[in-house]
Amino acid sequence: MKTVSGAVSRIFAPQTLITTTALWVSFFLGLLVVYLLLNWMPQLLVARGLARNEASFVQILFNLGGVVGSLIGGRMLDQKNPVMPVALGFAAAAGALLMLGLLPANLGLTLVAGALVGGAILCVQAILYGVAPQCYPFEIRGTGVGVAVAVGRLGSIAGPLLAGFLVAGGSTPSDVMFALVPITLLAGLTTVLLLVRRGRSLQMA
């Protein structure tokens, strides 16, 4: 018990506090976006004019795109200096959300946009899971990552609730997509901060 409390106190120590905060923000916002889309995308697409079976096809491509995106995210993180590729990945995710929000209710275009959104969003989420263990010393790594993932699960709860709140308030499906853009960009900013701090730590080692 004392060891666990000591590990928790170390993830809030001055030298790791910025890293912990950035990691928590990244996980919370990243999973907020992922689970909002997983739970609400079909309903939002139906509200825009697609048939239910068409919306289901888009959801399938969203997940298939996510498989490809996760593999790409792993390769991006394996690069010697992944900061710029990761920043571009988050920018691509925000752009894909904008595109999905702006497109008309056309099945072909929405299928492409859904695949791109899934690929980009789950690409950057895979990057987060890859970079998290590198944010802490070995002795507190399990605790640090475990708590960050727990914070992310709170985001997975908040995402569907946020969509419900927006829809109940009269927001259109496009408005919901647009609302995710700044959230995605903020998650990207904190993830890039993590990578920059990791790079500095490696240079000093």
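**Helix packing, aromatic pairs and cysteines in a predicted model**

At 43% relative accessibility, L185 counts as partly exposed. This residue belongs to helix 7 of a structure that is a predicted model. Once the neighbours within four places in sequence are set aside, L185 is in contact with F90 and A94. A further link appears in the backbone: the C-alpha atoms of L185 and A87 are 9.0 Å apart in space, although 98 residues separate the two in sequence.

T191 is also found in helix 7, which covers residues 173-204. Here the relative accessibility is 0%, so T191 counts as buried. Beyond the neighbours within four places in sequence, the contacts of T191 are S26, V86, F90, I127 and L128. F90 is thus a residue to keep in view, being in contact with T191 and also with L185.

Helix 4 deserves a look of its own. With 20 residues, 83-102, helix 4 reaches 29 Å from its first C-alpha to its last, close to the 28 Å expected at 1.5 Å a residue. Its buried residues are P85, V86, G89, F90, A93, A94, A96, L97, L100 and G101. Among them are V86 and F90, both in contact with T191, as well as A94, a contact of L185.

Helix 6 can be described in a similar way. Residues 138-168 make up this helix of 31 residues, and the distance from its first C-alpha to its last is 46 Å, close to the 45 Å expected at 1.5 Å a residue. Buried positions in helix 6 are I140, G144, V145, A148, V151, G152, G155, S156, G159, P160, A163 and L166. After helix 6 comes G170, with a positive phi near 100 degrees.

Turning to the aromatic side chains, the structure holds two aromatic pairs. In one of them, the ring centres of F12 and W24 are 5.5 Å apart and the planes stand at 90 degrees, so the pair is edge-to-face. F12 sits in the loop between helix 1 (2-11) and helix 2 (14-48), while W24 lies in helix 2, so the pair ties together parts that are 12 residues apart in sequence. F12 counts as partly exposed because its relative accessibility is 37%, and W24, at 23%, counts as partly exposed as well.

The other pair is formed by F27 and Y129, whose ring centres are 5.1 Å apart; with the planes at 85 degrees, this pair is therefore edge-to-face. F27 is in helix 2 and Y129 in helix 5 (residues 107-131), so the pair ties together parts that are 102 residues apart in sequence. The two partners differ in their surroundings: F27 is buried, with a relative accessible area of 1%, whereas Y129 is partly exposed, at 39%.

Finally, the cysteines. With a disulfide taken as a pair of cysteine sulfur atoms within 2.5 Å, the count comes to zero disulfides. C123 is in no disulfide, and the nearest cysteine sulfur, that of C135, is 17 Å away. Seen from C135, the closest cysteine sulfur is in C123, and the 17 Å between them is too far for a bond. Both residues are nonetheless buried: C123 has a relative accessible area of 7%, and C135 has one of 14%.

Conventions: Residues are numbered from 1 along each chain as its sequence is written. This is a predicted model: local features need pLDDT of at least 70, side-chain atom pairs count only at pLDDT 80 or more; totals for chains, interfaces and linings use all residues. Side-chain values use heavy atoms; hydrogens and water are left out. Helices (H or I, at least four residues) and strands (E, at least two) are DSSP runs, numbered from the N terminus. Buried means under 20% relative accessible area, exposed over 50%, partly exposed in between (1.4 Å probe, protein chains only). Contact means heavy atoms within 4.5 Å. Rings of Phe, Tyr and Trp (its six-membered ring) pair if their centres lie within 6.5 Å; planes under 30 degrees apart count as stacked, over 60 as edge-to-face and the rest as tilted. The expected span of a helix is 1.5 Å times one less than its number of residues.
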